[in-house]
Amino acid sequence: MSDSLVIKYDNALSECKMDYGPYDKYFGGLEGGATASTFVLMDADGKIKSQITGPPTNPWLVGVEECTARIHKLIQSAKDRAGVEAEYPLVALGLAISGGEKGEQRKTLMESFQSNGLALSYHLCLDTFGSLATVSDKGGLVVIAGTGSNVLLLNPGGAVHTCGGWGHMLGDYGSGYWISHLALRTVYEDLENFATAPHDTTSAKKVIWDFFKLEDKYDILPFLYPNFNKPGIAKLCRELADCATTTGDPLCRWFFHRAGEVLAQSLLAVAPCIDSFLMDPDYGLQILCVGNVWRAWDLLRQGFVDTLGSRGEGDRLTRYRLVKPVVSSAVGAALLGAQSAGSAIDMDYSQNMEEFFRQG
């Protein structure tokens, strides 16, 4: 996999002669996002011994030094909670980090971890790989729609195809930030008579004014310039979803209909590359849906289904089921870490996901 990087100590597990007693079968996994991070400490039987949630660890947002410091703290906290001695290194540490994909940055991250002696073996990959590894050991298709968005297809042979993941300046289509930005742009353009909104803006404008505590339209400027905070703006999405659900406001519902369309469009971008091996005779293609935006599935559904139905690549995107993880993708990161160290963790993947929609 071109987007995965494995670095091992010279005294990696297969070569290590040190005896760590009861601690020689612990594995760590990190789900490092732009809004928050989760670390799990697991044993070889697949049992989670402890789980810790902490601040974001995207190196593009917080810097490499701060990123490694935060991860180190999460690991030590998890060890302490599980009663594992702090000085004993993990067998393997899997790191599924949003923003950890660039070669030089990945190298710098790994060198920093090695210097801390946190584990005997390390595996660094994109957060999307961690998500997939949580529900399957054979690859698959994942759509992340949280603060940002990303689509990744991993075929059984190891070929990787992606769409998105470039951040809010170049995309993040269908994400919480994208929906919030669409609402802001639509209301402001209508307000200034630049473009007419598809529906009345009264309710959406009130949601925006209340969320940012605006007194007039100019009060939005500090949030867009000196105090810009992507995760903070993305939280507006929740209020818009509440308005769409509780009042049925047409414009707020339209924002999510559009989000469903562009999320489906991102899937269509990788559809021609889907390996037939991923097609199940019972339900077709399994699509893993990760991120808080999917909680608004009732609002996304029509735009998503219609877009795939009208432009789907034959059988591969007309028959599918959508599943959501019921455990953190830190579990998948731990599994990848163990695999890279030549170890194995027993896992019943069916227990890590839940189906919420089926088509065809």
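Here are some questions and answers about how features of this predicted model get their labels.

Q: Why is α4 called roughly perpendicular to α12?
A: Helix α4 (residues 127-135) and helix α12 (residues 330-340) pack at an angle of about 85 degrees. Angles of 65 to 115 degrees count as roughly perpendicular, so α4 and α12 earn that description. Their axes are 7 Å apart.

Q: Which residues meet where α4 packs on α12, and what makes up that contact by class?
A: From α4 come Phe-129, Gly-130, Ala-133 and Thr-134, and from α12 come Val-331, Gly-332, Ala-333, Leu-335 and Leu-336. By class, the contact has six nonpolar, three polar and no charged residues. If the polar number looks puzzling, remember that Gly is counted as polar here.

Q: Why is Ser-50 called buried?
A: The relative accessible area of Ser-50 is 5%. Buried means under 20%, so Ser-50 belongs in that class. Ser-50 lies in strand β4 (residues 48-54). Not counting residues up to four places away in sequence, Ser-50 touches Phe-39, Val-40, Leu-41, Ala-78, Arg-81 and Ala-82.

Q: What makes the pairing of the Ser-50 side chain with the backbone oxygen of Ala-78 a polar contact?
A: A polar atom of the Ser-50 side chain lies 2.8 Å from the backbone oxygen of Ala-78. The cut-off for such a pair is within 3.5 Å, and 2.8 Å satisfies that distance, so the pair fits the label.

Q: How do you know that Cys-243 is in no disulfide?
A: The nearest cysteine sulfur to Cys-243, that of Cys-252, is 3.7 Å away. A disulfide needs two cysteine sulfur atoms within 2.5 Å, so this pair does not qualify. The structure as a whole holds zero disulfides.

Q: Is Cys-243 buried or exposed?
A: Cys-243 counts as buried, at 10% relative accessibility, because the limit for that word is under 20%.

Q: What about Cys-273: which cysteine sulfur is nearest, and how far away?
A: That sulfur belongs to Cys-163 and is 11 Å away, and Cys-273 is in no disulfide. With a relative accessible area of 31%, Cys-273 is partly exposed. That class covers values between the 20% limit for buried and the 50% limit for exposed.

Q: What makes the phi of Asp-172 worth a look?
A: Most residues other than glycine have a negative phi. Asp-172 is not a glycine, yet its phi is positive, at about 60 degrees. Asp-172 is in the loop between β9 (160-164) and α5. At 4% relative accessibility, Asp-172 counts as buried.

Q: Where is Lys-213, and why is Lys-213 called exposed?
A: Lys-213 is in the loop between α6 and α7. Its relative accessibility is 69%; exposed means over 50%, so the label holds. Lys-213 also has a positive phi of about 55 degrees, although it is not a glycine.

Q: Which residues of helix α6 are buried, and what covers them?
A: In α6 (residues 202-212), the buried residues are Ala-204, Val-207, Ile-208, Trp-209 and Phe-212. Their cover includes α5 (176-191), α7 (221-224), α8 (230-234), α9 (236-247) and α10 (250-270).

Q: Why is Ala-145 called buried?
A: Ala-145 is at 0% relative accessibility, and buried means under 20%, so Ala-145 counts as buried. Its place is in strand β7 (residues 140-145). Leaving aside neighbours within four places in sequence, Ala-145 is in contact with Gly-174, Leu-263, Val-290, Gly-291, Asn-292, Val-293 and Trp-294.

Q: What makes Gly-46 partly exposed?
A: At 21% relative accessibility, Gly-46 is not under the 20% needed for buried, nor over the 50% needed for exposed, so it counts as partly exposed. Gly-46 is in the loop between β3 (37-42) and β4. Leaving aside neighbours within four places in sequence, Gly-46 is in contact with Ile-345, Asp-346 and Met-347.

Q: How do you know that Ala-271 is buried?
A: Ala-271 has a relative accessible area of 1%, and the limit is under 20%, so the word applies. Ala-271 is in the loop between α10 and β10 (279-280).

Definitions and conventions
Residues numbered from 1 in each chain as written. Predicted model: local features only at pLDDT ≥ 70, side-chain atom pairs only at ≥ 80, totals over all residues. Heavy atoms only, no water. Axes fitted to C-alpha atoms, helices over the stretch in contact; angles between N-to-C directions. Helix = DSSP H or I, 4+ residues; strand = E, 2+ residues; numbered from the N terminus. Parallel < 35°, antiparallel > 145°, perpendicular 65-115°, else oblique. Contact = heavy atoms within 4.5 Å. Buried < 20%, exposed > 50% of the residue type's maximum accessible area, 1.4 Å probe, protein only. Polar contact = N/O pair within 3.5 Å; in protein donor to acceptor, adjacent residues only side chain to side chain.
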